[in-house]
Every structure is written in structure tokens, then in C-alpha cells.
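Colleague: Got a few minutes to go through this one with me? I'd like to ask about it piece by piece.

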Amino acid sequence: MEKNEYYMKRALELAAGGWGRTNPNPLVGALIVKNGEIIAEGCHEKLGGAHAEVAALKNARQDVKGGTLYVNLEPCSHYGRTPPCAEAVIKAGISKVVIAMEDPNPKVCGKGVEMLKNAGIETVTGVLEGEARRLNEIFIKYVTRKQPFVILKAAMTLDGKIATAGGDSKWISGEGSRQQVHLLRDRVSAIMVGVDTVLADDPALTARPGGETGNDPVRIIVDSKGKIPIDSRVINNEAAAGTILATTSAIEAGKEKLLLEKGVRLLKLDGPDGHVDLEGLLEQLYGLELDSVLLEGGGGLNAAALAAGIVDKAMIFIAPKIIGGRDAKTPVEGDGIGLMRDALRLGELSIVRFEEDILIEGYIRYK
Ligand code: AOF
Ligand code: ZN
């Protein structure tokens with residue numbers, strides 16, 4: 001492996017240390033190399049905390065003057081929650097900066113590199129750029145499109161069912177897959193389901209990675225008519241983060257009052273045919289600084305989200321079980337498409353195994 005790639009790989013590893021704690025900011029790792037030795041490492045640990053470059057400068061075991069900084073995102077040039085990192089890098093006397101990707105944040109976007117160059121620092125950009133973009137896919141969409149990144153997650157049997165015809169779904173996937181889902185919930189800022197899922201399963205929708213209490217995402221229930229039972233766990237489970245009910249003007253005033261008393265936040269978004277306007281919902285979520293949404297069904301909401309074009313990535317767990325049943329639910333319902341040539345396709349596929357289960361991940365290619 002080339003030297004630059006080798007050190008950048010380490011920067012990406014360090015960056016991943018911030019998973020689930022930096023949202024809606026990026027995952028950033030940095031290290032400083034001098035005379036062939038890593039003399040400092042740092043990462044952006046949590047929102048509002050030091051940026052990775054500054055953390056690395058602070059952790060240095062010796063004078064960084066003349067050293068090379070490796071960082072997976074262009075150093076920032078703006079005064080935000082913290083002062084510009086490019087300035088700190090210049091002041092510290094770093095002589096070379098190797099960067100994986102330009103910062104897509106319109107406030108930075110090349111200006112950081114410009115500041116470094118103007119100060120006579122050598123810069124190299126584009127080292128392991130593909131990996132860096134994948135790691136910060138949430139951040140990239142959030143800052144460029146001003147919408148959260150949406151991941152559709154489903155677990156189904158080999159014959160494509162998410163529950164038996166009688167409605168039993170505990171469990172479709174194995175322990176390993178379910179742990180992976182808790183890890184995902186720990187990393188995203190919001191988790192979203194349709195009200196029918198609440199009615200069917202009364203889930204808590206909390207993050208319990210490794211069986212421990214996690215970083216609970218905000219729970220969003222899409223419920224156009226306000227059917228949610230007032231005693232459901234997503235409303236009463238206080239240990240978890242807050243709950244948002246995405247509804248429409250069709251909700252009854254009495255129900256609205258009861259929900260507000262329970263501390264539920266209501267977003268009224270009238271969309272087509274009495275449904276919730278999902279695109280509008282994403283805009284509102286951006287306003288709440290929620291950078292990512294894990295969409296966990298059911299089939300009706302998944303179909304509507306795909307039709308609205310709001311899903312970025314799908315993660316489908318497939319368990320080697322066959323259950324049959326013409327009335328057994330499937331991950332995507334709605335009316336479906338008419339012809340195969342109109343099927344939604346996924347790209348950049350990856351396949352991972354979790355014990356007996358297979359996870360297929362890909363990005364939705366809207367035409
Ligand atoms: C981070 N951590 O390590 C780097 C960031 O929220 P602020 O004001 O601290 O600024 C966040 C912006 O700074 C972020 O959108 C990105 O453009 C840039 N770089 N941010 O949170 C870091 N290097
Ligand atoms: Zn910075």
C-alpha cells in the first residue's frame with residue numbers, strides 16, 4: 001500500500017470512533033506523521049467538541065513543526081462552533097496536508113485548502129476519496145441537499161415475507177442481524193415507522209447495541225389520521241429520546257391535545273390523497289438538525305417513501321427461512337409497478353453475512 005493510503009486508512013479508522021455522536025457533523029479523523037512516525041492522532045468525538053485536526057494537534061507527543069497532517073476531510077476555514085482548523089494547522093507549522101475529500105459544506109468547499117496553500121503548505125487531495133465519501137455519506141447528503149439521508153431497513157424470509165400470515169414476526173432474522181440493527185439505530189439521528197407497525201408490534205424503537213442502552217434516535221411515527229394508541233411504547237417509554245408524530249390536518253383535536261400533553265411533537269404535513277407529505281417531512285427534519293433516518297417499515301410506508309424518491313439506501317436482511325402464506329406481509333407494498341422494466345434498481349451492492357443471514361445493501365437508482 002502507498003504511504004498516503006496507509007495513513008489515510010488510519011485517519012478513516014479514527015474518524016469512525018465518532019459514529020453516532022457527531023451528527024449532524026461529519027466523521028473526521030486526523031493524524032500527524034513526522035520522520036516516518038505517527039506522533040499524534042485525534043478524532044472528532046462529539047458534536048460541539050474539538051474538530052479532529054485540533055484534537056490531533058493537542059494530542060501530539062512531540063513538536064509537530066514540519067510534520068504531515070493526514071485528515072479524511074478538508075480542514076475547515078470558517079468560524080462555526082469552533083475556530084477554523086486551517087488556521088490552527090498553519091499556526092502549528094505543519095508543512096504538508098494530505099486530505100481524502102474536499103468538504104462539501106458550502107461554508108468550506110475548497111476554502112480550507114486555499115488557506116493552507118496561501119500559507120505555503122503543500123496539499124494533496126483525493127487520497128482514498130471513495131472510502132471517505134462512503135463513510136460520510138450521511139453528512140454529504142445533509143449539507144448538500146439539506147435533507148437527512150434515508151436508509152430503508154427490512155428483514156425478510158427467503159420467500160420475501162416480513163411476518164407470517166397471522167402477523168408473527170419474532171423473529172425473522174437472527175441475533176447477529178438484530179444486533180447490527182441496534183448498532184445502526186445507535187448511529188442515526190432518527191428512526192421512522194408507519195403507525196400500522198406501532199399497532200401491530202408496539203415496538204420501543206430504542207437503540208440497544210450489545211444489549212446496552214444506546215444513543216436513542218428520535219422516533220418518528222407517520223400517522224396521517226392520528227390513529228396511534230395513547231398507551232403505545234413509543235409515546236410512554238420515557239427512557240428513550242423524544243417522539244415526533246408526522247400527521248395531517250385530519251388528526252382529531254382531542255387526540256392532538258392528548259399527544260401534546262405526553263410531550264409528543266406534532267408535524268402536520270398534508271400530502272397527496274390525505275397522506276403525509278414525506279418530502280416536506282424531510283425538509284422539516286433537516287430544520288431540526290436530524291441528518292439521518294432509519295426507515296423500518298412497514299410495507300405501506302416503505303412503498304410510499306420509495307415512490308416519493310426519499311430513500312437513499314436499502315439494507316435488506318434475508319433469513320434462510322420459508323414461511324409462505326398469500327396474506328403474509330412483504331417489505332414493500334402499495335400498488336407496485338406494472339412492468340419489470342420499471343423496477344427500481346439498486347447500485348453499488350454489497351453483501352455481508354451475519355451468522356445464517358445475508359445482508360444486501362445498495363443505493364437506490366431513481367431514473
Ligand atoms: C466537525 N469535525 O473534525 C471537522 C469538521 O459545527 P461546527 O461549527 O464545529 O462546524 C462543523 C463543520 O466543520 C462541518 O460541517 C465541516 O464542514 C467542518 N469540519 N467538522 O464537526 C471535524 N473537520
Ligand atoms: Zn475544523
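What follows is a chat about this predicted model, helices and annotated sites included.

Colleague: Let's start with the annotation. Which residue does UniProt list as "active site", and in which helix is it found?

Modeller: The record is an unreviewed entry, and under "active site" it lists Glu53. As for the helix, residues 52-59 form the one where Glu53 is found. So the residue is Glu53, and the helix is α2.

Colleague: Is Glu53 buried or exposed?

Modeller: Leaving out residues up to four places away in sequence, Glu53 touches Ala30, Leu69, Val71, Pro75, Cys85, Ala88 and Val89. It has 31 C-beta neighbours inside 10 Å, and the cut-off for a buried residue is 20 or more. Glu53 therefore counts as buried.

Colleague: Some of those partners sit in α3. Are α2 and α3 roughly parallel or roughly antiparallel?

Modeller: Their axes come within 9 Å and cross at roughly 30°. Angles under 35 degrees go into the parallel class. The crossing is left-handed. So, for α2 and α3, the answer is roughly parallel.

Colleague: How many charged residues are in the contact of α2 with α3?

Modeller: On the α2 side you have Glu53, Val54 and Leu57, and they meet Cys85, Ala88, Val89 and Ala92 in α3. By class, that contact has 6 nonpolar and no polar residues. The charged count is 1.

Colleague: And on to the next pair: how are α3 and α4 oriented, roughly parallel or roughly antiparallel?

Modeller: Helix α3 covers residues 85-92 and helix α4 residues 111-118, and their axes come within 9 Å, crossing at roughly 20°. That angle is why α3 counts, relative to α4, as roughly parallel.

Colleague: What is the handedness of that crossing, and which residues of α4 make the contact?

Modeller: α3 passes α4 in a right-handed crossing. From α3 the contact uses Ala86, Val89 and Ile90. The residues divide into 5 nonpolar, 1 polar and no charged. So the handedness is right-handed, and the α4 residues are Gly112, Met115 and Leu116.

Colleague: Which residues of α4 are buried?

Modeller: The cover over them includes α3, β4 (96-101) and β5 (122-125). After α4 comes Gly120, with a positive phi near 85°. The buried residues of α4 are Lys111, Gly112, Val113, Met115 and Leu116.

Colleague: Back to the record. Which residues does UniProt list for "binding site"?

Modeller: Again this comes from an unreviewed entry. One of the listed residues, Leu205, is found in the loop between α8 (195-201) and β8 (218-222). Another, Glu296, has its place in the loop between β11 (292-295) and α12 (299-307). The list is Arg185, Leu205, Arg208 and Glu296.

Colleague: Is Leu205 buried or exposed, and what is its phi?

Modeller: Leu205 touches Ile191, Val193, Arg219 and Val234, if you skip residues up to four places away in sequence. With 26 C-beta neighbours inside 10 Å, Leu205 counts as buried. Its phi is positive, in a residue other than glycine: near 55°.

Colleague: How many C-beta neighbours does Glu296 have inside 10 Å?

Modeller: Setting aside residues up to four places away in sequence, Glu296 touches Lys153, Ile191, Met192 and Val193. Glu296 counts as buried because its number of C-beta neighbours inside 10 Å is 22.

Colleague: Any backbone oddities? Which peptide bonds are cis?

Modeller: One joins a residue to Pro24, which lies in the loop between α1 (3-15) and β1 (29-34); omega there is about 5°. Another has omega near -5° and involves Gly298, in the loop between β11 and α12. The bonds are Asn23 to Pro24 and Gly297 to Gly298.

Colleague: Last one: how far apart in space are Gly176 and Glu355?

Modeller: Gly176 is found in helix α7, residues 175-187. Leaving aside neighbours within four places in sequence, Gly176 is in contact with Phe354, Glu355 and Asp357. Gly176 and Glu355 are 179 residues apart in sequence, while C-alpha to C-alpha they are apart by 6.2 Å.

Notes
Residues numbered from 1 in each chain as written. Chains lettered and ligands numbered in written order. Predicted model: local features only at pLDDT ≥ 70, side-chain atom pairs only at ≥ 80, totals over all residues. Axes fitted to C-alpha atoms, helices over the stretch in contact; angles between N-to-C directions. Helix = DSSP H or I, 4+ residues; strand = E, 2+ residues; numbered from the N terminus. Parallel < 35°, antiparallel > 145°, perpendicular 65-115°, else oblique. Left-handed = near helix turned anticlockwise from the far one by under 90°. Contact = placed C-beta atoms within 7 Å. Nonpolar A, V, L, I, M, F, W, Y, C, P; charged D, E, K, R; others polar. UniProt positions renumbered as here; feature names shortened; annotations may be inferred. Buried ≥ 20, exposed ≤ 12 C-beta atoms within 10 Å, placed from the backbone.
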